[in-house]
Amino acid sequence: MRLVLDEPHAKARQRLKRWQGDAALFVRECIGVEPDAWQLDALHAISQPQTERLAMKACKGPGKTAVLAWIILWFLVTRRHSKIACTSITGENLSTNLWPELAKWISESVFLRHVVEWTKTRVVVKEAPEQWFAIARAWSQSADPQQQAEALAGIHAEHVLFV
């Protein structure tokens, strides 16, 4: 038996395929935002297949948390069964900055509201919430390297992102 996708599903798959190679296009089309020039630089850099690491440094207020949220959402929905660990030296930084930013951008997108679910510590793809998610993980400022490693343990998948 051959599976035939109806037109809306076929268009969604085509869109996801285009977005997978272009995080900036995802932000524009899915979230409906035009990134700043430096955010575009970060989005273009993370979209390159050879990019293994990306570091950003900027003053307070230019939109670092927004671009991190966009990258998380882009990676999550364009890579099947991906797992993303979002880390910080304080849980408060995740719970008061990054996680509300994720909620904000999810609420701006009809597609994201349909596909993902936000909770206080996880963003999951509704289709497979136990295998396809972003999770907040923190450790104390006094944690040694072993304790830090334990906070990141257990993240195994074909597509993994650490933020």
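In the predicted model, the largest pocket is lined by 21 residues. Those that lie nearest its centre are R13, L16, F111, E127 and W132. The volume of this pocket is about 690 Å³. Three helices, α1 (7-20), α4 (64-78) and α6 (110-115), each contribute at least two residues to the lining. Helix α1 accounts for the largest share, with eight residues. In terms of residue class, the lining comprises ten nonpolar, seven charged and four polar residues.

These helices belong to a protein chain with seven helices and five strands. Read from the N terminus, the elements follow the order α-α-α-α-β-α-α-β-β-β-α-β. The chain is made up of 163 residues, of which 36% count as buried.

The largest nonpolar core contains 40 residues. Within this core, F26, L112, V116 and V123 are the residues that touch the most other members. At least two core residues are supplied by each of α2 (23-31), α3 (37-47), α4, β1 (83-88), α5 (91-107), α6 and β3 (122-125). The greatest contribution is that of α4, which gives eleven residues. In general, nonpolar side chains tend to be buried together in soluble globular proteins. Helices α4 and α6 thus recur in the description, since each supplies at least two residues of the pocket lining and each also supplies at least two residues of the core.

Aromatic contacts were examined next. A search of the whole structure identifies four aromatic pairs. One of these is formed by W19 and F26, whose rings are arranged edge-to-face at 5.3 Å centre to centre, with 80° between the planes. Both residues of this pair, W19 and F26, are buried. A further edge-to-face pair joins W74 and F75, with a centre-to-centre distance of 6.3 Å and an angle of 70° between the planes. W74 and F75 are likewise both buried. W19 and F26 also form one aromatic cluster together with F111. F111 is, in addition, among the residues nearest the centre of the largest pocket, while F26 is among the core residues that touch the most other members.

Arginine side chains are placed over two of the aromatic rings. R79 lies over the face of W74, at 4.4 Å from the ring centre. In the other case, R122 lies over the face of F133, and the distance from the ring centre is 4.2 Å.

Two individual positions were considered in further detail. L40 is located in helix α3. Its relative accessible area is 16%, and L40 is therefore classed as buried, given that the class requires a value under 20%. L40 and V67 are separated by 27 residues in sequence, and their C-alpha atoms are 8.9 Å apart in space. H81, in turn, is situated in the loop between α4 and β1. This residue has a positive phi of about 55°, although H81 is not a glycine. With a relative accessible area of 31%, H81 is partly exposed, because this value falls between the 20% limit for buried residues and the 50% limit for exposed ones.

Technical notes:
Residues numbered from 1 in each chain as written. Heavy atoms only, no water. 1 Å grid on protein atoms, 1.4 Å probe; cavity = no way out; pocket = protein on both sides within 12 Å on 5 of 7 lines; lining within 4 Å. Points joined across faces, edges and corners; volume = space filled by probe spheres on them. Helix = DSSP H or I, 4+ residues; strand = E, 2+ residues; numbered from the N terminus. Nonpolar A, V, L, I, M, F, W, Y, C, P; charged D, E, K, R; others polar. Phe/Tyr/Trp six-rings, centres within 6.5 Å; stacked < 30°, edge-to-face > 60°. Buried < 20%, exposed > 50% of the residue type's maximum accessible area, 1.4 Å probe, protein only. Lys NZ or Arg CZ within 6 Å of the ring centre and 35° of its normal. Core = buried A, V, L, I, M, F, W, Y, C linked by side-chain atoms within 4.5 Å.
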